[in-house]
Amino acid sequence: GTISTISEFSPTSGGIAGRTAHRIENCTSSDAVIASLSNTSNSSSPVAGGIAGTCGSSYNTLDSLAPTDIESIPAIRNCTVDNKASVSLTSSGGSFSVAGGIAGALHAPAEIENCVSNIGNITAVTTLSGEYIGGICGYSNGGKIKYSTSSGSISSGTSALNAIYAGGIAGSARTKRFLTYDTSYGVISDEFIATKVYGSEINGCTSDMTITGNTSDNKYFGGIAGYLSEVYSSDILHINVDRCSVIECSSFSGNIDINSDGSFYAGGIAGWNIDSKISNSYSKGNINCLSSDSTSDRYIGGAVGQISQNNHNVTDVLAEMNNCYSSSDITSSDNNAFVNGFAASIKGSSKSNVNPKFSSCYMKNDGTVSPAIGVSALSDAEMKDQSSFQDWDFNILWKISDNAPALKLEYSDLY
């Protein structure tokens, strides 16, 4: 059937529920889910998901934090969206739009676990200030996505948008701050400080989505996450810095097709990684970019478009990649684009002089040079030889399959 929500204020649609602060388990949806914002003069946001529009609460005061035991955490588990289903957003105004194959938005400590999105298509036809679109979740605000898989297609972008975040698993995966009132602060703006921070987690996920973007400027495309981001620099004084977002044991084997006349960041694993960790993950998908504007910066990497340590005073390395590889095929019509078989751009913090770190990472020998210490280029013969991958665990995590490493614990092996 078709589930359509048309509203003047933040329409939220889902194949099973529009919003949930509880659990949805063992459900299947074949519905066409549509969220349409009818009042284009306000700052509301249309949100849609194949199972739920929103899972968890967006409130960020400490008293809004749900219990952390597994039976009380808001969650979507063991759910399937089949290829008859679709998710779409329409609006010609408002703030931003959010769409996902399983959930549009996921707010900490909520989780998506053991879900399958074989969705026909996820589309956004909007002129809002931003779009968040993902094969599993459009916008993860400190949420967890585990042991889930996505296939189908994502279509995003109009020329009026300020930003697009599109990913095979999550469009954007960010940290969420829970705030508390501190009477020791004398400045009003500093009285609420972060005392608990959740980094988004993507673990044990696979995607072979086809991601298509027709864009103008400031866009982020990733096979797993379009945008993977950071601990807030203002929180570093108050919390343990080990609260970054992470991608672990995940892979991409689909296609990213971009038609852009502006700046963008595209990567087989993540478009842009800021202060976040990626480990035991890989991309063997294709990235195709058509561009005619040579004045804008475009970063296209087999694994990440850009990885950066944010410009704060923290001396710990927060942006890092460990035991990852890319064998992605990259084509670009723009000779001025920054293209690399692993990472197209690497930026450190000018305040702390700390740079992103790479350890035991690999790229296929495609003619581009290794971007950093810790990333090595391999021939086709070396790529299928497990002895080429130093310090990788081929007993538990990895195997050689189809002439390259693959994860033993991918979704298809677990369920």
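Is Glu-113 buried or exposed, and what is its relative accessible area? In this predicted model, Glu-113 is buried, with a relative accessible area of 17%. The value lies under the 20% limit, so the residue falls in the buried class. The legends below present Glu-113 with its partners and then turn to other parts of the structure.

**Figure 1. Salt bridges around Arg-77.** Arg-77 and Glu-113 form a salt bridge whose closest N and O atoms are 3.2 Å apart. This pair links distant parts of the chain, with Arg-77 in strand 9 and Glu-113 in strand 14 (residues 111-113), 36 residues apart. The side chain of Arg-77 also meets that of Glu-25 in a salt bridge, at 3.5 Å from N to O. Here too distant parts of the chain are linked: Glu-25 belongs to strand 4 (residues 23-25) and Arg-77 to strand 9 (residues 75-77), 52 residues apart. Arg-77 has a relative accessibility of 9% and therefore counts as buried, whereas Glu-25 is partly exposed, with a relative accessible area of 34%. A network of salt bridges links Arg-23, Glu-25, Arg-77, Glu-111, Glu-113 and Lys-146.

**Figure 2. The salt bridge of Lys-364 and Asp-329.** The side chains of these two residues meet at 2.2 Å, N to O. Lys-364 lies in strand 47 (residues 361-364) and Asp-329 in strand 43 (residues 329-332); the pair links distant parts of the chain, 35 residues apart. Asp-329 has a relative accessibility of 39% and counts as partly exposed. In the whole structure, the count of salt bridges comes to 7.

**Figure 3. The open parallel sheet and its edges.** The sheet is formed by 10 strands in the order 5-10-15-20-27-32-37-42-47-48, and the pairing is parallel. Strand 5 (28-29) and strand 48 (375-378) stand at the edges; each has a single partner strand, so one side of each is left without a neighbour in the sheet. Elsewhere in the sheet order, strand 20 (residues 149-150) and strand 27 (residues 206-207) run parallel and are joined by 2 bridges. The bridge partner of Thr-149 in strand 27 is Thr-206.

**Figure 4. Ile-145 in the nonpolar core.** The largest nonpolar core has 67 residues. Those with the most contacts inside this core are Ile-76, Ile-112, Ile-145, Ile-202, Met-321 and Phe-342. When neighbours within four places in sequence are left aside, the residues in contact with Ile-145 are Leu-106, Ile-112, Ile-136, Cys-137, Ile-169, Ala-170, Glu-201, Ile-202, Asn-203 and Cys-205.

**Figure 5. Edge-to-face aromatic pairs.** The structure holds 24 aromatic pairs. In one of these, the ring centres of Phe-96 and Tyr-132 are 5.7 Å apart and the planes stand at 80 degrees, so the pair is edge-to-face. Distant parts of the chain are linked by this pair, as Phe-96 lies in strand 12 (residues 96-100) and Tyr-132 in strand 17 (residues 130-134), 36 residues apart. Phe-96 is partly exposed, with a relative accessible area of 33%, whereas Tyr-132, at 11% relative accessibility, counts as buried. Tyr-220 and Tyr-227 also form an edge-to-face pair, with 5.1 Å from centre to centre and 70 degrees between the planes. Both Tyr-220 and Tyr-227 are buried.

**Figure 6. The aromatic cluster and Arg-174.** Ring pairs link Phe-96, Tyr-132, Tyr-139, Tyr-165, Tyr-220, Tyr-227, Tyr-265, Trp-272, Tyr-299 and Phe-338 into a cluster. Over the face of one of these rings, that of Tyr-165, lies Arg-174, at 5.2 Å from the ring centre.

**Figure 7. The surroundings of Ala-17.** Ala-17 lies in strand 3 (residues 17-20). At 17% relative accessibility, Ala-17 counts as buried. Ala-17 and Ile-51 are 34 residues apart in sequence, and their C-alpha atoms are 6.6 Å apart in space. With neighbours within four places in sequence left aside, Ala-17 is in contact with Ile-24, Ile-51, Ala-52 and Gly-53.

Key. Residues numbered from 1 in each chain as written. Heavy atoms only, no water. Pairing = 2+ DSSP bridges. Helix = DSSP H or I, 4+ residues; strand = E, 2+ residues; numbered from the N terminus. Core = buried A, V, L, I, M, F, W, Y, C linked by side-chain atoms within 4.5 Å. Buried < 20%, exposed > 50% of the residue type's maximum accessible area, 1.4 Å probe, protein only. Contact = heavy atoms within 4.5 Å. Phe/Tyr/Trp six-rings, centres within 6.5 Å; stacked < 30°, edge-to-face > 60°. Lys NZ or Arg CZ within 6 Å of the ring centre and 35° of its normal. Salt bridge = Lys/Arg side-chain N within 4 Å of Asp/Glu carboxyl O.
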